[in-house]
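Got a structure to pick apart? Let's ask what earns each label its place.

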Amino acid sequence: MKRTKINHLQKSDFAFDAKWLKNGLRLSAVATGAALLSGCNSEDGYIYKSVTACELDNPGYDDRCESAYQKALADWKRTAPRYRSESNCAYDFGNHQCFEYSPYFIPLMTGFMLGENHRTEEDFDLDFDRPRGLGYSTRRGTPAFHRWVSSSGDMFGDYHKNKVKVSSSAFKGSKGSARIMGRGGFGKTISSRSFGG
């Protein structure tokens, strides 16, 4: 399903005055600075809190949404931070945000992100083959509080957003296995790179 939209502009959209030019230049400078900070290789990431949300946004691709979710969940279970106790996990992610993954506790995967499809000319514009599992924290004071965060500590913006601007490297496969964390340990691993504002 293509997301491209055609905007129809009217002549009034191009009304010119000095104040508009001054504000436009100011906004242009801010946008240019943001583009430089995010790098040239940025793309949209589409975040779904459930398989059903993915299916509703991509009619006819139910199997692909389910498959993407399962891939993201398998990767999440392999790479999510491990804690020796539920209370240590809850310290970073909040109460009822962790589950036992014997012999450890890991945070819940509360969403998954799909990037844009650049590799094929198929009918859909999402890359269902490279999903990214995401979680968030409900505990105030943690760096991941109400922010989408990957198992490796990259943050992708506010938990309420379902579309964020990310680096194309955000969809590279996670290497290695999970780290064992102590109380408050995940906050120290959160990347300084924050995408999606």
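Here come some questions about rings, charges and cores, with answers.

Q: Before we start, what kind of model is this, and how are residues numbered?
A: This is a predicted model, where local features need pLDDT of at least 70, side-chain atom pairs count only at pLDDT 80 or more, and totals for chains, interfaces and linings use all residues. Residues are numbered from 1 along each chain as its sequence is written, and side-chain values use heavy atoms, with hydrogens and water left out.

Q: What makes phenylalanine 99 and tyrosine 101 an edge-to-face pair?
A: Rings of Phe, Tyr and Trp (its six-membered ring) pair if their centres lie within 6.5 Å; planes under 30 degrees apart are stacked, over 60 edge-to-face, and the rest tilted. Here the centres are 6.3 Å apart and the planes at 70°, so the pair fits the edge-to-face class.

Q: Why is phenylalanine 99 called partly exposed?
A: Buried means under 20% relative accessible area, exposed over 50%, and partly exposed in between (1.4 Å probe, protein chains only). Phenylalanine 99 has 26%, so partly exposed is the right label. Tyrosine 101, at 32%, is partly exposed as well.

Q: How do you know that tyrosine 136 and tryptophan 148 are edge-to-face?
A: Their ring centres are 6.2 Å apart and the planes sit at 75°, so they pass. Both residues are buried.

Q: What makes this pair a tie between separate parts of the sequence?
A: Tyrosine 136 lies in the loop between strand S6 (126–134) and strand S7 (147–149), while tryptophan 148 is in S7, so the pair ties together parts 12 residues apart in sequence. For the naming, helices (H or I, at least four residues) and strands (E, at least two) are DSSP runs, numbered from the N terminus.

Q: Why is lysine 49 said to sit over the ring of tyrosine 159?
A: A charge sits over a ring if NZ of Lys or CZ of Arg is within 6 Å of the ring centre and within 35 degrees of the ring normal. The charged end of lysine 49 is 3.9 Å from the centre of the tyrosine 159 ring, so the distance part is met. Arginine 139 sits over the ring of tyrosine 91, also at 3.9 Å from its centre.

Q: Why do lysine 163 and aspartate 44 count as a salt bridge?
A: The rule wants a side-chain nitrogen of Lys or Arg within 4 Å of a carboxyl oxygen of Asp or Glu. The closest N and O atoms are 3.6 Å apart, so the pair qualifies. Lysine 163 lies in strand S9 (residues 163–167) and aspartate 44 in strand S1, so parts 119 residues apart in sequence are tied together. Aspartate 44 is buried at 14%, whereas lysine 163 is partly exposed at 44%.

Q: What makes aspartate 127 and arginine 130 a salt bridge?
A: Their closest N and O atoms are 2.6 Å apart, so the pair meets the rule. Aspartate 127 is buried, with 2%, and arginine 130 is partly exposed, with 25%.

Q: What makes the largest nonpolar core a core, and which helix gives the most to it?
A: A nonpolar core is a set of buried Ala, Val, Leu, Ile, Met, Phe, Trp, Tyr and Cys residues joined through side-chain atoms within 4.5 Å. The largest one has 17 residues, and Tyr48, Met109 and Phe112 are among those with the most contacts inside it. H3 gives the most, with 5 residues. A second, separate core of 11 residues includes Tyr136 and Trp148.
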